[in-house]
Amino acid sequence: MKILELAKQAGLKQHQEQAPGIDGVVGSWAELEAFAELVAAHEREECAKLCEGHVRQPSRLHFAEVIRARGTT
């Protein structure tokens, strides 16, 4: 998923849609926080997938679970 898709999902808008903001992005603090959470969740999931794809020992697959769990605390 691309960063702009996450921004739109969080409710951020491009400059043309509303009054101008920083670098042409308009949104509330809540939308900015939601965007940051979406980016972090996406990165955690990508890291967990890497662990699952590269770990050869089943006893180490818990690394992916630990990475995903970071988003629930």
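## Starting with R68

Let's begin with one arginine: R68 has a relative accessibility of 29%, so R68 counts as partly exposed. Anything under 20% would be buried and anything over 50% exposed, and that is why a value in between gets the middle label. Keep in mind that you're looking at a predicted model.

What does R68 do with its side chain? One of its partners is E45: the two side chains meet in a salt bridge, with 2.8 Å from N to O. This pair ties distant parts of the chain together, since R68 sits in helix α3 (residues 62–69) and E45 in helix α2 (residues 29–54), 23 residues apart. E45 has a relative accessible area of 28%, so E45 is partly exposed too.

## A second partner, and a network

R68 also forms a salt bridge with E52, again with 2.8 Å from N to O. Here too the link runs between distant parts of the chain, from R68 in helix α3 to E52 in helix α2, 16 residues apart. With a relative accessible area of 40%, E52 is another partly exposed residue.

Put those pairs together and you get a network of salt bridges linking E45, E52 and R68.

## The other salt bridge

How many salt bridges turn up in a search of the whole structure? There are 3. Besides the pairs with R68, there is one between K49 and E46, whose closest N and O atoms are 3.9 Å apart. That still counts as a salt bridge because the cut-off is 4 Å.

K49 and E46 both belong to helix α2, and because they are 3 residues apart there, about one helical turn separates them. K49 is partly exposed at 44% relative accessible area, and E46 is partly exposed at 34%.

## How α2 and α3 line up

Now zoom out from the side chains to the helices. The axes of α2 and α3 come within 8 Å of each other and cross at roughly 175°. An angle over 145 degrees counts as roughly antiparallel, so α2 is roughly antiparallel to α3.

Which residues make the contact? On the α2 side they are R44, E45, C47, A48, K49, C51 and E52. On the α3 side they are F63, A64, I67 and R68. You've already met E45, E52 and R68 as the members of the salt-bridge network, so have a look at them again when you view this pair of helices.

## The nonpolar core

Time to look at the buried side of things. The largest nonpolar core has 5 residues, namely L6, A7, A10, L12 and F35. Helix α1 (residues 3–10) provides the largest share of this core, with 3 residues.

A7 is a handy one to click on. Leaving aside residues up to four places away in sequence, A7 touches L12 and F35, and both of those are core members as well.

## The whole protein

So what does the overall layout look like? The protein has 3 helices and 2 strands, and reading along the sequence gives the pattern α-β-β-α-α.

Of the 73 residues in the protein, 14% are buried. The protein exposes about 5800 Å², and carbon and sulfur atoms supply 58% of that area. Finally, take the contacts with a separation of 6 or more: residues 24 or more positions apart account for 33% of them.

Technical notes:
Residues are numbered from 1 along each chain as its sequence is written. This is a predicted model: local features need pLDDT of at least 70, side-chain atom pairs count only at pLDDT 80 or more; totals for chains, interfaces and linings use all residues. Side-chain values use heavy atoms; hydrogens and water are left out. Helices (H or I, at least four residues) and strands (E, at least two) are DSSP runs, numbered from the N terminus. Buried means under 20% relative accessible area, exposed over 50%, partly exposed in between (1.4 Å probe, protein chains only). Contact means heavy atoms within 4.5 Å. Accessible areas come from the Shrake-Rupley method with a 1.4 Å probe; for residues, only the protein chains shown count as cover. A nonpolar core is a set of buried Ala, Val, Leu, Ile, Met, Phe, Trp, Tyr and Cys residues joined through side-chain atoms within 4.5 Å. Axes are lines fitted to C-alpha atoms, for helices over the stretch in contact, and angles run from 0 to 180 degrees between N-to-C directions. Angles under 35 degrees count as roughly parallel, over 145 as roughly antiparallel, 65 to 115 as roughly perpendicular and the rest as oblique.
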